[in-house]
Structures are given as C-alpha cells and as structure tokens.
Amino acid sequence: MIRALQLGNKNFSTNIIQGPLAGISCGPFRKLIWQYSDPAFCCTEMISCKTLLHQSEYSARRFIKKDAQEGPVCFQLSSNNPMELGEAVKCVTDYGADLIDLNCGCPVKKIRSRGAGSKLLQNLSLLEKLISAMRKNTSVPISIKIRVEGAGEDKFHQELIKVIADSGLDLLIVHGRHWTEHYETACRHDQIQYFVENIKIPVIGNGDIRCINSLRKMLDTGCAGVMIGRAGVGQPWLIRKLIAEYNGESFIEPSLSEISQMFFQHVSDLADLLGNEKFALIQARKFAKYYSEEFSQKINQVSNLDALRIIGL
C-alpha cells in the first residue's frame with residue numbers, strides 16, 4: 001500500500017521515490033518533480049566517486065548542486081574501491097545528502113569494465129567491504145541498488161542476502177531485471193518478492209512502474225516502497241497522479257500548454273545550472289520527446305533559449 005516510510009533514521013510521508021536516471025536526474029529535473037509531485041525523495045544521477053573527489057567546476061554543478069526548492073535527495077555513487085567510496089560518502093554527507101546509494105546494477109560496458117555497477121554482484125566479498133566503508137563514514141541511511149539474477153537463480157540471491165544481512169544497510173533497492181536484459185523483458189516481480197520475504201530491511205521495488213496497474217502489481221510483492229524510473233521523465237506530475245488514483249481520487253493531467261511551460265523551465269534551469277545554453281539544449285534534445293514528440297522536433301531547430309521561446313512550444 002501507499003503509506004509512510006521509515007528508512008534508518010529518516011521518516012518520509014510516502015513510499016514512492018523518483019529514481020536515478022543517467023543524464024537526467026540533476027537539480028532542474030528533481031526541482032520539477034518536487035513542484036508537481038510528492039515523492040519520498042529524489043535521486044541524483046549516478047556519480048563516479050573519482051569524478052566526485054577530483055571534480056571540475058562543471059561536474060560540481062551538474063552532480064552536486066541541490067536546488068533550494070528540493071526536498072530530500074539520495075546521492076547515488078559508483079565505485080569499486082572501499083577507501084575511495086568512504087571518502088566520497090563523507091563528501092556527499094557534507095553536501096547535504098539525505099540518503100546515499102551505491103549503484104550495483106548499472107549494465108553499461110564502461111562501468112562494468114571498471115568493476116563497478118552490476119559487476120559488483122559478481123564479487124560479493126568486495127561488495128561487503130564497500131558497504132562497510134559507506135556505513136563507517138556517514139550517519140544517513142545507506143542502500144545499494146541491485147538487479148536480480150534472472151531465471152530464478154535462488155542460490156545467487158541467498159548468497160547476496162547473507163552479505164546484506166549483517167552489512168548495516170538501511171534499505172535495499174531491487175530492479176527486477178538481470179543486467180543483460182533490456183526493457184522488452186518484463187520486470188521479474190517474483191524475484192523482488194523473494195528479497196522482500198527473505199530480508200529484514202525495507203525493500204524498494206523498481207521496474208516498469210508507469211501507471212496505476214503497474215504500481216499495484218509492484219506493491220503486491222509486499223515491498224516497502226516503489227521507485228519510479230524513466231516514466232517520470234516528461235511527467236513530473238506522475239507520482240502525484242499515481243497517489244491520487246490509488247486513493248480513488250480524480251486527477252486532471254496538465255494541458256499541452258502547461259507541459260510546454262514545464263519543458264521550457266527544465267531547459268532554462270539546466271542552462272543556468274551548467275552555465276551554458278548550448279550544452280543545455282544538446283542535453284534537452286535527449287529528453288524532449290518524453291514531454292512531447294512536437295517538442296523533440298522543435299528543439300532541433302534552435303540554438304539558444306530565446307529562439308526556443310520565440311517558436312513557442
């Protein structure tokens with residue numbers, strides 16, 4: 001059910017979370033989520049600990065800066081080095097992280113080749129050391145975000161649960177696909193439920209949540225909360241809509257005119273954050289289609305924000 005959520009020493013009024021999205025989940029996106037929805041918290045995009053510890057001015061703005069209008073933020077980190085991770089955890093705690101997550105699910109080749117992301121699930125002794133480094137260096141709730149093994153590999157899940165049981169984690173986030181599986185593979189709710197039933201800490205379910213039916217299906221696993229992924233892009237109101245529909249209340253979706261204002265705000269705030277309109281417009285071309293295919297076509301015709309404003313969305 002949709003309810004309040006306690007994670008470690010933090011309490012949240014709801015159990016629906018906006019998850020991390022590469023190239024998307026910086027301050028301007030999270031600000032929109034908070035304006036039009038009521039999540040428990042939002043996540044940053046995945047941040048390499050090396051980038052964090054040796055940051056340029058650009059990376060500091062993109063990955064770290066929180067907007068004054070944001071609520072709680074979970075910083076998601078990527079590393080395969082316990083000492084490096086420990087230092088990064090100290091840094092983001094000082095930056096105001098409300099929670100900290102270690103990415104153990106990224107399937108991207110360059111991340112796995114560094115022994116990070118989903119590769120960590122093949123090295124459980126290292127994962128144990130990484131979790132310990134996190135716990136020793138912060139008092140905020142910590143988590144790992146994993147992927148299931150797929151094909152009902154209960155032995156793998158049992159071994160992972162043994163590592164998690166005494167690790168000091170406050171929550172576990174489970175994406176219901178194997179790292180080799182793509183979006184055309186349905187989320188494996190049964191394997192998320194396996195973790196729910198065999199682990200004592202709260203489990204957050206992630207995968208394919210985009211409407212009230214998919215939300216109910218995930219909640220039926222018994223998970224403590226759910227994490228919205230890519231469905232939130234272009235629909236910053238989605239969490240508020242899901243909560244209303246779950247409670248049997250009506251929800252009026254924004255008009256195209258209102259959505260165009262959200263999109264322009266997203267791009268404009270991104271330009272302010274990055275200090276460069278050109279970079280912001282290039283990045284916006286990747287997410288414009290999620291707001292509207294019409295926006296996707298129009299943004300390719302402009303080179304600055306004034307032109308974007310003039311053509312009208």
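## The loop before helix 9

In this predicted model, Asp208 sits in the loop that links strand 10 (203-206) to helix 9. Asp208 is not a glycine, yet its phi is positive, at about 65 degrees.

## Helix 9 against helix 10

Helix 9 covers residues 212-219 and helix 10 covers residues 238-246; their axes come within 10 Å and cross at roughly 75 degrees. Angles of 65 to 115 degrees count as roughly perpendicular, and helix 9 and helix 10 are therefore roughly perpendicular to each other.

On the helix 9 side, the contact is made by Ile212, Leu215, Arg216 and Leu219. Leu242, Glu245 and Tyr246 face them from helix 10. Sorted by class, this contact between helix 9 and helix 10 holds five nonpolar residues, two charged residues and no polar ones.

## Val226 in strand 11

Val226 belongs to strand 11, which runs over residues 225-228. Its relative accessible area is 0%, so Val226 is buried. Setting aside neighbours within four places in sequence, Val226 is in contact with Asn15, Ile16 and Ile17, with Ile204, Gly205 and Ile209, and with Leu215, Met218 and Leu219. Two of these partners, Leu215 and Leu219, are also among the helix 9 residues that meet helix 10.

Ile204 is 22 residues from Val226 along the chain, and the C-alpha atoms of the two are separated by 5.1 Å.

## Gly8 between strands 1 and 2

Gly8 lies in the loop between strand 1 (5-7) and strand 2 (10-12). With a relative accessibility of 32%, Gly8 counts as partly exposed, whereas Val226 is buried. Beyond residues up to four places away in sequence, Gly8 touches Pro141 and Asp170.

Gly8 and Ile212 are 204 residues apart in sequence, and their C-alpha atoms are 28 Å apart in space. Ile212 is one of the helix 9 residues in the contact with helix 10.

## The nonpolar cores

The largest nonpolar core contains 59 residues, and Leu77 and Ile144 are those with the most contacts inside it. Helix 6 (residues 124-136) supplies the largest share of this core, six residues. Another core, of 30 residues, lies apart from it; Phe29, Leu32, Ala271 and Ala288 are among its members.

Leu77 has a long list of contacts, not counting residues up to four places away in sequence. They include Ile47, Cys49 and Leu52, then Leu85, Ala88, Val89 and Val92, and also Ile100 and Leu102. Asp101 and Asn103 touch Leu77 too.

## Helix 11 and the turn after it

Helix 11 spans residues 256-274. At 1.5 Å a residue, its 19 residues should span 27 Å, and the end C-alpha atoms are 27 Å apart, which agrees. Helix 11 is mostly covered, with 14 of its 19 residues buried. Just after helix 11 comes Gly275, which takes a positive phi of about 70 degrees.

## Gln283 in helix 12

Gln283 is part of helix 12 (residues 277-291). Its relative accessibility is 10%, and buried means under 20%, so Gln283 counts as buried. Leaving aside neighbours within four places in sequence, Gln283 is in contact with Gly23, Leu270 and Leu274.

Terms used:
Residues are numbered from 1 along each chain as its sequence is written. This is a predicted model: local features need pLDDT of at least 70, side-chain atom pairs count only at pLDDT 80 or more; totals for chains, interfaces and linings use all residues. Side-chain values use heavy atoms; hydrogens and water are left out. Axes are lines fitted to C-alpha atoms, for helices over the stretch in contact, and angles run from 0 to 180 degrees between N-to-C directions. Helices (H or I, at least four residues) and strands (E, at least two) are DSSP runs, numbered from the N terminus. Angles under 35 degrees count as roughly parallel, over 145 as roughly antiparallel, 65 to 115 as roughly perpendicular and the rest as oblique. Contact means heavy atoms within 4.5 Å. Ala, Val, Leu, Ile, Met, Phe, Trp, Tyr, Cys and Pro count as nonpolar, Asp, Glu, Lys and Arg as charged, and the others, Gly among them, as polar. The expected span of a helix is 1.5 Å times one less than its number of residues. Buried means under 20% relative accessible area, exposed over 50%, partly exposed in between (1.4 Å probe, protein chains only). A nonpolar core is a set of buried Ala, Val, Leu, Ile, Met, Phe, Trp, Tyr and Cys residues joined through side-chain atoms within 4.5 Å.
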